[in-house]
Each structure stands twice: as C-alpha cells, then as structure tokens.
Amino acid sequence: MTVSSMGESALLLHRLEKPKGKIDVVLDTDAYNEIDDQYAIGYLLHSGKTLCTRAIYAAPFSNQKVSSPAEGMRLSYEEILHILALDSRCGIPVLQGSDRYLPSESEEVFSPAARDLAQRAEAYSAERPLYVVAIGAATNVASALLLNPGIREKIVVVWLGGHAHHWPHNREFNLYQDIAAARILFGCGVPLVQLPCQGVVSAFTLSGPELWKWLHGKNPLCSYLVEHTQQEAERAYRREVWTRPIWDVAAVAWLLSGDYMADRLTPSPIPQYDHHYSFDPTRHWIRYVYQIKRDNLAESLIQTLTLPQPAP
C-alpha cells in the first residue's frame, strides 16, 4: 500500500466513525412503499437537536402498489409532503427523484433530487460531511455520484439495503430494484454504512398492542403511523397476532449517540446481478451493522416520536 493510499484509507476510516455533535442530513426515501419510511421521517424530524434535516428526496420503487418506478416516486413525493403536514413542518425542501432505475453503472438518471445532492454536497468537506440517509433503491444517490464524483469526499451514505453478508441470497427489495446503483455505492469508495435487512434489521419489530399503547393519540403523526401500520398488517398478515419490522428507523438511529446497534468495519462486498455477494478482502472498508438492540431502539423511537416537536 502506498503512502497516498494509506492516507486515503485513514481518512475513510475517520469518516466511518459515528458522528458527534449536530450534523446535517438529507433523507432519500420511497415513502409510499411501506409504512416504515414514515416512522423514519418522523424519527429524523423529531431528532432535530442533533440531526438537522436539510432536504428529503423521493425515491422510485415498483411493486404491486404502483404501475411503474415513476408512479412509485411520485406517490412517495406526495407521502413525504403528507407526513410533513401532519407534523406541522414547513420549509424543508422536498424534491422528486428518479422516474426509472439506472440503465447502467456509468449512466445516471437526472432528477431534481440527484441534482440537489450533487450541488448541495459541494458546501461540505471530508472533515464536515453531509450525511445521506438512504432507505430505498439507491438510484438518486448513485446518480448524484455519477453527476459529481467529487462529492464522495464530502458525504457519508447510510444505506438500509441488501441482506446480511451470511444470508443465503441477496434478493432484497432496495437492492434488487437497482443493482447497478447499489454496485456504485459499494464500489466507488464513498464512506458507506450498510444496515442489512434479513438477518440484522429484521430483528427490529413492533407489535400492534405496543403501537396502540405507546403511540396512538399522542399527536397526529403518531396516530397516523399506528392506524396505517394496522391497515398494512391486516392486509399483509391477515391475522390478529402480528409483529411488523420497522426497518428504516435503524438507518436514522445509526446517526444518534444511543446504544441501539452494533457494527464493525469490513471490506466492501460486491453485490452481483445473480442476487448474491462476492467478497474480496482487499476492497476498501465500509461500516457494517450486524446487530440491532431491539428494546433500546424501540424505547428511543417511542420517546422521540411523542416528544413535543423541536424547533426547526
């Protein structure tokens, strides 16, 4: 390893440390896809003493709820605005993202969100980065990195996507929709914190009785979250007893100072198009979350969502 590469590695490791003090954050979310994105938005907004939300981007998605990635992005954009209105929030920029997935690993999809991130990140530095919390397909973030490769020195990406590295396959929703975008995140050298779904964040579940006891009626946003989660559970599970993974909350929680999860450094894996990882021990480091401390995180989420709204 050369002196230059040793210096770059040390800087990367420094930027993969947990942030201290107040930081600036942008959120990239497919908010209409499920219910967990809405919890993550509320958790972020109500953590304003340490996390300053600078913008929210609508990410594309495609499943049985929509006819195309473009419709998924548009409905996510509307859902973000709805959550902000429920929480009496104004002044946070909300931008539409990609209307399709990347055509290749070298071709971006231009969108207002990608342009905003590519430009906004220029105001930051390796010593004071912009934190990008991504909880959907990585299309918008990867497009911004293709539009302006230099921002990889000025941002840290916290992405909930892929499965645990020991999982028998890697067919995870946020990843398989746009594998090219995920390969850019894992391959370009941007500081990356990965929160895998099955095998890690799948441990963070909440039950109907817990939600009704601790959140319902506390404020308009909390009541909406509980009622919407109940509807989603009845549709998906068709039984009275259920628990629901609230996946995306964990990505916001990584930025906070509490004891909510355990992580380690590991060489960046390579997401392959056959829905598996490849591994190369010489690759650059990423930070990999391998355990969620469910009760600690649940307590923090409940307390944070039910606190009086912090000043913008």
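Helices here are DSSP runs of H or I, at least four residues long, numbered from the N terminus. That matters for a short one further along the chain, helix α6, which covers residues 173–176. The model is a predicted one, and the picture below starts with a covered strand before turning to the aromatic rings.

Strand β4 takes in residues 130–134, and five of its five residues are buried. Neither face is left open: L130, V132 and A134 are buried on one side, while Y131 and V133 are buried on the other. This strand has β1 (residues 23–29) as a parallel partner, with four bridges between the two. One of the residues involved is V25, whose bridge partner in β4 is Y131. Strand β5 (residues 155–160) also runs parallel to β4, and here five bridges do the joining. In that pairing, W159 of β5 stands opposite A134. To get from β4 to β5 the chain passes through helix α5 (residues 139–147), giving a β-α-β crossover that is right-handed.

Helix α4 (residues 112–120) brings some of these elements together again. Its buried residues are A113, A114, D116, L117 and A118. Among the elements covering them are β1 and β4, along with β2 (51–58), β3 (94–96) and α5.

Now for the rings. The structure holds four aromatic pairs. One of them is F173 with Y176, an edge-to-face pair at 5.9 Å centre to centre and with 90° between the planes. The two residues sit three apart in helix α6, so about one helical turn separates them. As a rule, an α-helix has 3.6 residues a turn, so residues three or four places apart point the same way. How do the two partners fare for exposure, buried or partly exposed? F173 counts as buried because its relative accessibility is 18%, and the cut-off for buried is under 20%. Y176 has a relative accessible area of 29% and is therefore partly exposed.

Another pair is Y277 with F279, and this one is tilted, with 5.8 Å from centre to centre and 45° between the planes. Y277 comes in at 12% relative accessibility, so this residue counts as buried too.

Lysines also meet aromatic rings in the model. K18 lies over the face of W254, 5.3 Å from the ring centre. Over the ring of W214 sits the charged end of K213, at 4.9 Å from the centre of that ring.

Terms used
Residues numbered from 1 in each chain as written. Predicted model: local features only at pLDDT ≥ 70, side-chain atom pairs only at ≥ 80, totals over all residues. Heavy atoms only, no water. Buried < 20%, exposed > 50% of the residue type's maximum accessible area, 1.4 Å probe, protein only. Pairing = 2+ DSSP bridges. Right-handed = clockwise from strand over helix to strand, strands pointing away. Contact = heavy atoms within 4.5 Å. Phe/Tyr/Trp six-rings, centres within 6.5 Å; stacked < 30°, edge-to-face > 60°. Lys NZ or Arg CZ within 6 Å of the ring centre and 35° of its normal.
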